[in-house]
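These are my notebook entries on a structure I examined. I set out to look up how some of its helices pack and where a few loop residues sit.

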Amino acid sequence: MTRTGSVTLVGGGPGDPGLLTVAAVRALADADVVLFDRLAPHETLREFAPHAELVDVGKRPGHHPIPQDEIERILVAHALAGANVVRLKGGDPFVFGRGGEEVEACRRVGVPVRVIPGVTSAIAVPAAAGIPVTHRKTSRMFTVVSGHAPLSPSELENLAGLGGTIVILMGITNLPSITAGLARFGMDPGMPVAVIEQGYSARQRTTFGSLSTILTESVRAGVGSPAVVVIGEVVRLARGGDAEAAAALAASAAGAGAPGAAGAADAAGLSGAPSVTGP
């Protein structure tokens, strides 16, 4: 009788292999089969899983060559055949990664399954652009939203009145309806917005704007997926990247106070035409 293998769901972080956790690296080294997504750090995967069979099950916007139920079937089949299977996902498996569905699929047939968390792009990608999702004097909360499907009017109304920082993943296609809906329910049209493409890669780029201008600027810049959208006053800390954000936070902590409205807008490239920056 064949020994049942196991499944390990591994969060691969935002794509930089250096952001894999120690536990993730160990799991990959022990894997017999790795099923990986397009946003996982797959370009150097052979180095981390030298003995494993590598299976690309990645999806792209509007193009899902392998449906989710087929991914689950492949995952379970390898484990039932005795393999040590790693399901490598971008970000964290339980943050819009359908990890919960894959855990359920394993449990239904008695396959042992565990989860290794990953660095979620909802926090890491804004950080790469110099944007802290929280700030003691600016944002005491942040909300992570899936933009994969259009948001309902009630969801948009709640978001518009919540305050803090809004981080939208997979939201480029539905950005027009999201920004229009937030404005309709009372969000300030001048609210700063950043769209960060290809986070933690050599192609990383940030497009700045406001709630009322970000669509025009995104079209002008040719923004595409994958991208993370950040809406909130914390975006004003982004211009100049991590060094400037760190200096602004240090000044605030030392009691110097936040910069004036005009100064903050200038610092973030928000006074007038929004700007596009590289990493």
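**Entry 1. Helix 8**

I began with helix 8, residues 214-221, where I found Ile214, Glu217, Ser218 and Ala221 buried. These residues span an arc of only 100° around the axis, so they lie on the same side of helix 8. Turning to the other side of helix 8, I noted Val219 and Arg220 as exposed. I should record that the model is a predicted one.

**Entry 2. Glycine 222**

I then followed the chain out of the helix. Glycine 222, just after helix 8, adopts a positive phi of about 70°. I placed glycine 222 in the loop between helix 8 and strand 10 (227-231). Leaving aside residues up to four places away in sequence, I found that glycine 222 touches Glu197 and Arg205. I also looked up its distance to threonine 207: the two are 15 residues apart in sequence, and their C-alpha atoms are 9.8 Å apart in space.

**Entry 3. Helix 7 against helix 8**

What angle do the axes of helix 7 and helix 8 make where they cross? I read roughly 160°, with the axes coming within 10 Å. Helix 7 is therefore roughly antiparallel to helix 8, since an angle over 145 degrees counts as such. I noted the crossing of the two helices as right-handed. Leu175, Pro176 and Thr179 of helix 7 make the contact with Ile214, Leu215 and Ser218 of helix 8. Sorted by class, I have 4 nonpolar, 2 polar and no charged residues in the contact of helix 7 with helix 8. Two of the names in this contact, Ile214 and Ser218, were already in my list of buried residues of helix 8.

**Entry 4. Helix 6**

Next I took up helix 6. I found its buried residues to be Leu156, Leu159 and Ala160. Viewed down the axis of helix 6, they fall within an arc of 100°, so they line one face of the helix. On the face turned away from this buried side I recorded Asn158 and Gly161 as exposed. What covers the buried residues of helix 6? I found that the cover includes strand 6 (142-146), strand 7 (165-169) and helix 7. Just after helix 6, I noted that glycine 163 has a positive phi of about 85°.

**Entry 5. Helix 6 against helix 7**

I then examined how helix 6 (residues 153-162) packs with helix 7 (residues 175-184): the angle is about 65° and the axes are 8 Å apart. Helix 6 passes helix 7 in a right-handed crossing. From helix 6, Leu156, Leu159 and Ala160 meet Ser177, Ile178, Gly181, Leu182 and Arg184 of helix 7. I counted the residues of this contact by class as 5 nonpolar, 2 polar and 1 charged.

**Entry 6. Helix 3 against helix 4**

For helix 3 (residues 68-80) and helix 4 (residues 99-108), I found that the axes come within 10 Å and cross at roughly 45°. Helix 3 is therefore oblique to helix 4. The crossing is right-handed here too, with helix 3 passing helix 4. Gln68, Ile71, Glu72, Leu75 and Val76 of helix 3 meet Glu101, Glu102, Ala105, Cys106 and Arg108 of helix 4. I classed the residues of this contact as 5 nonpolar, 1 polar and 4 charged.

**Entry 7. Two loop residues**

Is methionine 191 buried or exposed? I found methionine 191 buried, because its relative accessible area is 16% and the cut-off for burial is under 20%. Methionine 191 sits in the loop between helix 7 and strand 8 (192-197). Not counting residues up to four places away in sequence, it touches Gly209, Ser210, Leu211, Ile231, Gly232 and Glu233. Methionine 191 and valine 235 are 44 residues apart in sequence, and I read 9.1 Å between their C-alpha atoms.

Threonine 120 lies in the loop between strand 5 (113-116) and helix 5 (121-128). At 15% relative accessibility, I likewise entered threonine 120 as buried. With residues up to four places away in sequence left out, threonine 120 touches Gly91, Asp92 and Val95.

**Entry 8. The whole chain**

Last, I recorded the totals. The protein chain has 10 helices and 11 strands. Of its 279 residues, 47% are buried. Among contacts in the chain with a separation of 6 or more, residues 24 or more positions apart account for 68%.

Conventions: Residues are numbered from 1 along each chain as its sequence is written. This is a predicted model: local features need pLDDT of at least 70, side-chain atom pairs count only at pLDDT 80 or more; totals for chains, interfaces and linings use all residues. Side-chain values use heavy atoms; hydrogens and water are left out. Axes are lines fitted to C-alpha atoms, for helices over the stretch in contact, and angles run from 0 to 180 degrees between N-to-C directions. Helices (H or I, at least four residues) and strands (E, at least two) are DSSP runs, numbered from the N terminus. Angles under 35 degrees count as roughly parallel, over 145 as roughly antiparallel, 65 to 115 as roughly perpendicular and the rest as oblique. A crossing is left-handed if the near helix is turned anticlockwise from the far one by less than a right angle, and right-handed if clockwise. Contact means heavy atoms within 4.5 Å. Ala, Val, Leu, Ile, Met, Phe, Trp, Tyr, Cys and Pro count as nonpolar, Asp, Glu, Lys and Arg as charged, and the others, Gly among them, as polar. Buried means under 20% relative accessible area, exposed over 50%, partly exposed in between (1.4 Å probe, protein chains only). The arc is that of the directions from the helix axis to the C-beta atoms.
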